[in-house]
Amino acid sequence: MKKGKFITFEGCEGSGKSTQLSLFKNYLEENKIDYIFVREPGGTAISEKIRSLILDVNNKEMTSECEALLYASARAQLVKEKILPALEEGKLVFCDRFIDSSFAYQAYARGLGMDYVSSINSYAINNCMPDCTLFLNISPDEAFKRKGGADASDRLEQVGIEFHRKVFLGYTDLADKNPSRIEKINCLGTREQTHLNIINALKTRGVL
Ligand SMILES: Nc1ncnc2c1ncn2[C@@H]1O[C@H](COP(=O)(O)OP(=O)(O)OP(=O)(O)O)[C@@H](O)[C@H]1O
Ligand SMILES: [Mg+2]
């Protein structure tokens with residue numbers, strides 16, 4: 001039986017997920033809250049190998065279907081090896097990206113559609129949906145400006161701003177359709193302001 005809570009961080013590249021997760025780590029430690037952090041794709045030895053395959057700039061011929069199935073495989077391993085055991089021990093589990101990344105990137109931006117992506121992911125996660133998803137609500141244009149340009153070593157960051165705009169629209173649509181699970185976080189201010197917005201949202205939702 002699941003006893004802990006599962007919280008995911010979502011948003012476009014450069015929206016500040018990793019920055020916020022590391023600020024959050026301090027909060028959890030100061031408040032002596034039992035937690036684990038994992039990231040996607042990755043988080044286990046096998047999933048990290050799948051991650052390098054997906055993000056390899058040489059894999060230009062990878063089809064959208066292959067990519068979607070690889071993400072789902074990495075996720076299946078992460079859920080069973082790390083997330084479910086931690087939830088069973090009553091921990092808070094924080095994940096940097098999860099199923100909504102597949103919805104926003106593969107279903108919306110790559111155009112595979114929600115039916116295809118939901119169906120392969122239902123095998124992968126086996127009902128392990130996040131209790132709460134924090135969507136860092138900043139457009140890719142704003143995020144890239146803040147970050148100072150794309151990172152050339154990452155295949156996904158080379159696809160161009162149009163692709164990232166589709167991802168953002170996907171996230172916005174998902175958040176609008178799933179308000180009880182997905183919280184839109186205002187992240188246009190400083191890192192510290194965004195951090196407070198996240199803590200407030202989690203308190204309001206009874207996670208903290
Ligand atoms: N509120 C903020 N104000 C200014 N700069 C910020 C803010 N939040 C994050 N940044 C900066 O934006 C950049 C991207 O942040 P970060 O790496 O946390 O994003 P990410 O969502 O984890 O991206 P990715 O999807 O590529 O992993 C970093 O250089 C970070 O320092
Ligand atoms: Mg990151």
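**Figure 1. The order of strands and helices along the chain.** Reading along the sequence of this predicted model, you meet the pattern β-α-β-α-α-β-α-α-β-α-α-β-α. That gives the protein 8 helices and 5 strands. If you're new here, it may help to keep a few stretches in mind: β2 covers 35–39, α3 covers 64–88, β3 covers 92–96 and α4 covers 99–109. Further along come α5 at 114–125 and α7 at 161–177, with α8 taking residues 191–204.

**Figure 2. The whole fold, boxed up.** Put a box around the C-alpha atoms, along the principal axes, and its sides come to roughly 45 × 40 × 30 Å. How does the radius of gyration of the protein agree with that of a compact globule? For 208 residues a compact globule would come out near 17 Å, and the protein has 16 Å, so the two agree. Buried residues account for 50% of the 208. Take the contacts between residues at least 6 apart in sequence: 77% of them join residues at least 24 apart.

**Figure 3. The outside of the protein.** About 10100 Å² of the protein is exposed, and 52% of that comes from carbon and sulfur atoms. As for charge, there are 28 positive and 28 negative side chains. The centres of those two sets sit 2 Å apart.

**Figure 4. Inside the largest nonpolar core.** This core has 34 residues, and the members that touch the most others are Phe 6, Val 38, Ile 83, Val 93, Phe 98, Val 167 and Tyr 171. At least two core residues come from each of β2, α3, β3, α4, α5 and α7. Which helix gives the largest share? That's α3, with 7 residues. Zoom in on Val 167 and, leaving aside residues up to four places away in sequence, you'll find it touching Cys 12, Ala 104, Tyr 105 and Ala 109.

**Figure 5. A second core, separate from the largest one.** This one is made of 21 residues. Leu 28, Leu 134, Ile 199 and Leu 202 are among them.

**Figure 6. Ser 102 and its neighbours.** Ser 102 is part of helix α4. Is Ser 102 buried or exposed? With a relative accessible area of just 3%, which is under the 20% limit, Ser 102 counts as buried. Not counting residues up to four places away in sequence, Ser 102 touches Tyr 71, Arg 75, Ala 107, Val 117 and Asn 121. Take Asn 121 from that list: 19 residues separate it from Ser 102 in sequence, and the C-alpha to C-alpha distance is 8.6 Å.

**Figure 7. His 195 and a partner from far back in the chain.** Look in helix α8 for His 195. Its relative accessibility is 14%, so His 195 counts as buried. What does His 195 touch, not counting residues up to four places away in sequence? The list is Gln 20, Leu 23, Phe 24 and Tyr 27. His 195 and Leu 23 are 172 residues apart along the chain, yet their C-alpha atoms are separated by 7.0 Å.

**Figure 8. A cis peptide bond before Pro 41.** Most peptide bonds are trans. The one from Glu 40 to Pro 41 is cis, with omega near -15 degrees. To find the spot, follow the chain past β2: Pro 41 lies in the loop between that strand and α2, which spans 45–55.

**Figure 9. Two asparagines with positive phi.** Outside glycine, most residues have a negative phi. Asn 126 has a positive phi of about 50 degrees, and Asn 127 has a positive one too, near 70 degrees. Where is Asn 126 found? Asn 126 is in the loop between α5 and β4, the latter covering 132–137, and the loop between α5 and β4 is also the place of Asn 127. Asn 126 has a relative accessible area of 58%, so it counts as exposed. Asn 127 is exposed as well, with a value of 73%.

Methods. Residues are numbered from 1 along each chain as its sequence is written. Chains are lettered from A and ligands numbered from 1 in the order in which they are written. This is a predicted model: local features need pLDDT of at least 70, side-chain atom pairs count only at pLDDT 80 or more; totals for chains, interfaces and linings use all residues. Side-chain values use heavy atoms; hydrogens and water are left out. Helices (H or I, at least four residues) and strands (E, at least two) are DSSP runs, numbered from the N terminus. The radius of gyration is taken over C-alpha atoms; the globule rule is 2.2 Å times the number of residues to the power 0.38. Buried means under 20% relative accessible area, exposed over 50%, partly exposed in between (1.4 Å probe, protein chains only). Contact means heavy atoms within 4.5 Å. Accessible areas come from the Shrake-Rupley method with a 1.4 Å probe; for residues, only the protein chains shown count as cover. Lys and Arg count as positive and Asp and Glu as negative; His and the chain ends are not counted. The place of a charge is taken as NZ of Lys, CZ of Arg, CG of Asp or CD of Glu. A nonpolar core is a set of buried Ala, Val, Leu, Ile, Met, Phe, Trp, Tyr and Cys residues joined through side-chain atoms within 4.5 Å.
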